Amino acid sequence: MPTFQTVRGMRDLLGEEAQIFAYIFGKARNNAQVYGFKEVMTPLVEPLELLSAKSGEEIRQRMFIFKDLGDRQVALRPEFTASIARLATTQLKTEPKPLRLFSVGSVYRYDEPQKGRYREFYQGNFELMGSSKPEADAEIILLTNNLIRTLGLKDYAFKIGQVGVIRGILSQNGVDEKVQNAVLQRMDKKEYDAAFQLLNDEKSRIMLEGLLKIKCRNWQETIDQIKAHVLGYEKAEAAAKNLFEILELVSKSANLTINVEPAFARGLEYYTGLIFEVYIPELEIAIGGGGRYDRLIEAFGGDPTPAVGCAVGIDRIAIAMQTQNTILQAGEGKKVVVIPISEAIRVEALKIAQNLRVEGVTAEFEVMGRKMGKALEDADKRKFDYAVIVGEREFNEGNVVIKELAKREQTVIPIGKLIEKIKS
Ligand code: HAM
């Protein structure tokens, strides 16, 4: 019988890697909590129509689609935003706004597998629904920044744009929305020639090429240049002004690297305003991204509800943490093995292990009945901090032996002092 492998693009997560993922989930949850976002859990399988309605060609072509046994067209979620927007039109329709909703879990896209690109991957997702104000956009950027910072990443930058600039130019020149979507799709992939070929009018082409050429020292100057470039295109001007307001709020309340890219576009079709992605220098692919989508909830049959959100790619953050050597933070807390010297003392040793766990110390009890030397060798190999060795003679005197594995030092200490020693 041949052994089974995982499906292409999908991975088993084991050992330290699983631990890092769980650590990032925990930090994402914690971040949600401190920003007032409530967790919601939505199904992995959703109606195909919901997921494909406003996501755009790129995502539509990469979904895992199938018919369930009831002949329904369904798909594995390629992101969370559509599911959360569905919630805002149903169960949460009458909830007071704003809604601050957080989710974490796996999502599925038929992408070409490579480093940092998988077909099953994990996102931490934040949606803020009900506000059209720049304060809401600022909050989303700030919480993304806070999450990345608390994960220990130091070297990263925000690439930021406002899709209303390009859309404003194109709609004023009479380019219909379908063509706009196709143009943005190609600009997202930096296929500028292909994008411009879709435009029949010279004016639009010149305007977009002009955006591409803007290069400035800082984001303030870049936005000034955009404003000057789009003079007379009212919607595009308003979009540039909106971006300035958002970034002023953000930059005055946090320290982060902001690169405004005038011709920046993102693959998802539902964006109407701010768009952004986060990059580290060591990876060419984004570790997170998001933006404003003011018409999605309405398109799903809900009341008009402006919204803004973001998702971080947990798999890519794990890679970023490894590259920037922040991994050690994942190993919070000391790890201890508890080894009884003989069967006669195992109940007492088990009780000691239990007490350590009550105090929040990770304690593994020796369950293999191995000889002391073997058990210690194993603990050493698995990078445990301490071995607590419980022998009858010491125990009867109220003591145990504690061995600091890295230093190979061992001492006899009173059982009552064990926690203090381990936590010191
Ligand atoms: P997205 O940019 O498509 O946005 O995905 C967010 C993040 O998921 C990316 O920045 C990346 O880190 C990660 N990611 C995407 N594809 C893959 C892949 N094949 N393998 C590993 N990681 C990947 C969204 O999904 C939007 N729903 C974000 C949002 C929320 N916008 C508004 N609200």
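Strands β14 and β15 (residues 399-404) are joined by 4 bridges and run antiparallel; strands here are DSSP runs of E at least two residues long, helices are runs of H or I of at least four residues, both numbered from the N terminus, and two strands pair if DSSP finds at least two bridges between them. Within this pairing, I389 sits opposite V401 of β15. The model is a predicted one, with local features needing pLDDT of at least 70 and side-chain atom pairs counting only at pLDDT 80 or more, while totals for chains, interfaces and linings use all residues. Residue numbers start from 1 along each chain as its sequence is written, and side-chain values use heavy atoms, with hydrogens and water left out.

On to the other partner of β14. Strand β12 (residues 335-340) runs parallel to β14, with 5 bridges joining the two. V338 has V388 as its bridge partner in β14, and in β13 the bridge partner of V338 is F365. That second link belongs to a parallel pairing too: β12 and strand β13 (residues 362-365) are joined by 4 bridges.

How covered is β14? Buried means under 20% relative accessible area, exposed means over 50%, and partly exposed is in between, using a 1.4 Å probe and protein chains only. By that yardstick, 5 of the 5 residues of β14 (residues 386-390) are buried, so this strand is largely enclosed by the rest of the structure. In a regular strand, side chains alternate between the two faces of the sheet. For β14, both faces are covered: Y386, V388 and V390 are buried on one side, and A387 and I389 are buried on the other. β12 is mostly covered as well, with 5 of its 6 residues buried.

Zooming out, the protein comes to 17 helices and 16 strands. Its C-alpha trace spans about 90 × 55 × 45 Å along the principal axes. Of the 424 residues, 51% are buried. Taking contacts (heavy atoms within 4.5 Å) between residues at least 6 apart in sequence, 67% join residues at least 24 apart. The accessible surface, from the Shrake-Rupley method with a 1.4 Å probe and, for residues, only the protein chains shown as cover, adds up to about 21600 Å², and 50% of that surface belongs to carbon and sulfur atoms.

As for charge, there are 59 positive and 59 negative side chains, and the centres of the two sets lie 2 Å apart. Lys and Arg count as positive, Asp and Glu as negative, with His and the chain ends not counted; each charge is placed at NZ of Lys, CZ of Arg, CG of Asp or CD of Glu.

A few backbone oddities are worth listing. The peptide bond from K97 to P98 is cis, with omega near 0 degrees, and P98 falls in the loop between α4 (81-89) and β5 (99-108). K190 is not a glycine, yet has a positive phi of about 60 degrees. This lysine, K190, lies in the loop between α7 (177-188) and α8 (192-197) and is exposed at 51% relative accessibility. R408 is likewise not a glycine and has a positive phi of about 55 degrees; R408 is placed in the loop between β15 and β16 (409-414) and is exposed, with a relative accessible area of 59%.

Finally, the cysteines. With a disulfide taken as a pair of cysteine sulfur atoms within 2.5 Å, the count comes to 0. C216 is partly exposed at 29% relative accessibility, whereas C310 is buried at 3%.
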